[in-house]
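Here's a quick walk through this model, starting with how far to trust it and ending with a few ring contacts. Have the viewer open while you read.

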Amino acid sequence: MSRAFGSSAARRLAPRLLLVLLASAACSSGPEERRPPWIDGVSAQFPVARYLVGLGEARSRPAATARAYEAVSRIFEAQVTAQARDWESYVQLDHPGGTSHQRRLTIERITKVSTDKVLENVQVLDAWLDRATGTHYVLAGINRAQGEGVLLDRIRDLDQTIETELDRAATTRDRLTALRNLKRAAGHLVLREAFNADLRVIRPSGQGEPATRHVADLTAKLDAYLATNLVIGVEVSGDEAEAVRRAVLEGLVRQGLPVTDHPVSVDAQPHAPDDARPLPLLVRGTSRLWNAAVPDPMFAYVRWCAEFVILDVQSARVVGAVSRRGREGHVTESEARTRAVHVMEREVTAELATSLAEYVYGKGGSSGDVTAPAACARELQEPEATLIIHPFV
């Protein structure tokens with residue numbers, strides 16, 4: 001068993017455990033030695049004021065060492081996870097349309113970066129074998145002063161980076177550059193808060209380093225800048241075009257994107273550098289729905305496909321693309337068609353929100369034009385399914 005605190009962060013320590021086990025062999029006490037007081041949480045050699053420790057016990061030395069490391073890692077994970085609710089506004093910006101699973105993965109990635117840095121200083125402090133019971137005890141821990149120094153250096157570096165990014169956002173005349181710097185500053189501020197949560201664990205006082213910026217304030221500033229400096233139009237042609245357009249509009253609005261119901265023309269003249277109008281993007285797509293010739297005696301089926309591109313209106317460049325297809329069935333053709341529209345809206349909107357965020361925040365990784373896959377062309381070429389037999393008919 002392990003006492004105190006372990007989970008995913010402990011597994012990241014595994015590559016170092018073999019070396020630690022060899023080094024800690026010398027710490028093993030002889031059979032005549034008494035039970036060390038640190039097993040019961042009291043130690044003059046490793047006082048709480050100087051060391052942050054975790055205790056592991058098991059029937060083997062490797063297992064006890066792993067559990068001791070796990071116990072230390074849990075302390076940090078518990079503290080950082082407690083701060084995660086304060087980062088929700090940033091995580092939603094990072095994953096528009098994202099699921100709770102995606103948000104959890106984002107928070108886990110943030111905590112991994114912060115805890116990995118401080119856990120590099122974990123080491124085996126002492127070990128003891130109770131020969132009467134065959135139980136191994138291992139004490140792992142961090143020297144608080146050493147860990148504090150590592151975290152303070154990282155926090156100060158991040159503070160400087162955040163201020164540099166905010167200065168760039170305030171001085172540039174390019175709105176996408178400003179948005180991207182604001183987004184990076186918000187991300188670095190969240191990471192700074194993760195390091196600060198670790199610092200509160202390391203310091204016996206439980207105090208962190210006061211921040212001059214706050215995540216909620218910075219994400220609110222980013223939201224406001226996005227709303228006043230960017231506008232997204234939606235055009236859809238094809239089957240159920242207006243229903244699909246309204247659904248995509250509403251879906252993007254729900255994701256916090258600045259969408260307009262008014263036309264945004266690709267043929268519009270480029271704005272002058274000092275133009276205060278929002279930077280225009282256009283989501284343009286085609287939807288197709290048709291009856292699927294599936295010989296099913298109980299259900300009607302409708303196939304659908306959707307192809308969308310995201311255009312930077314000023315440069316007339318395709319900067320994002322979404323292509324989806326599928327088939328929906330129901331007891332009537334009308335209900336199958338309605339279901340197909342709903343599924344199309346849900347899947348296309350989520351991908352469009354992600355693609356828009358990648359372009360706006362500069363996360364796409366490509367500066368060239370994007371070509372949309374031909375989902376509808378492939379869909380029309382594929383044969384329908386064979387007869388579907390329901391066993392209860």
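This is a predicted model, and its mean pLDDT over the protein chain is 80, with 74% of the residues scoring at least 70. Residues 17-32 are a weak spot: pLDDT is below 50 there, though the stretch still has 21 contacts in the model beyond near neighbours in sequence. Residues 385-393 also stay under 50, and the model gives them 15 contacts beyond four places in sequence. Don't lean on those contacts too hard, because predicted coordinates shouldn't be read in detail where pLDDT is low.

As for the overall build, the protein chain holds 11 helices and eight strands. Of its 393 residues, 47% are buried. The chain exposes about 19400 Å², and carbon and sulfur atoms supply 52% of that area.

Now for the rings. The count of aromatic pairs comes to two. One of them is Phe46 with Tyr51, an edge-to-face pair with 5.4 Å centre to centre and 85° between the planes. Are these two residues buried or exposed? Phe46 is buried, because its relative accessibility is 10%, under the 20% cut-off. Tyr51 is buried too, because its value of 14% is also under 20%.

Two tyrosine rings also have a positively charged side chain over them:

| Charged residue | Ring | Distance to ring centre |
|---|---|---|
| Arg180 | Tyr359 | 5.5 Å |
| Lys183 | Tyr361 | 5.3 Å |

For Arg180, that distance is taken from the charged end of the side chain, while Lys183 lies over the face of Tyr361.

Methods:
Residues are numbered from 1 along each chain as its sequence is written. Side-chain values use heavy atoms; hydrogens and water are left out. Rings of Phe, Tyr and Trp (its six-membered ring) pair if their centres lie within 6.5 Å; planes under 30 degrees apart count as stacked, over 60 as edge-to-face and the rest as tilted. Buried means under 20% relative accessible area, exposed over 50%, partly exposed in between (1.4 Å probe, protein chains only). A charge sits over a ring if NZ of Lys or CZ of Arg is within 6 Å of the ring centre and within 35 degrees of the ring normal. Helices (H or I, at least four residues) and strands (E, at least two) are DSSP runs, numbered from the N terminus. Accessible areas come from the Shrake-Rupley method with a 1.4 Å probe; for residues, only the protein chains shown count as cover. pLDDT is the predictor's confidence in each residue, from 0 to 100. Contact means heavy atoms within 4.5 Å.
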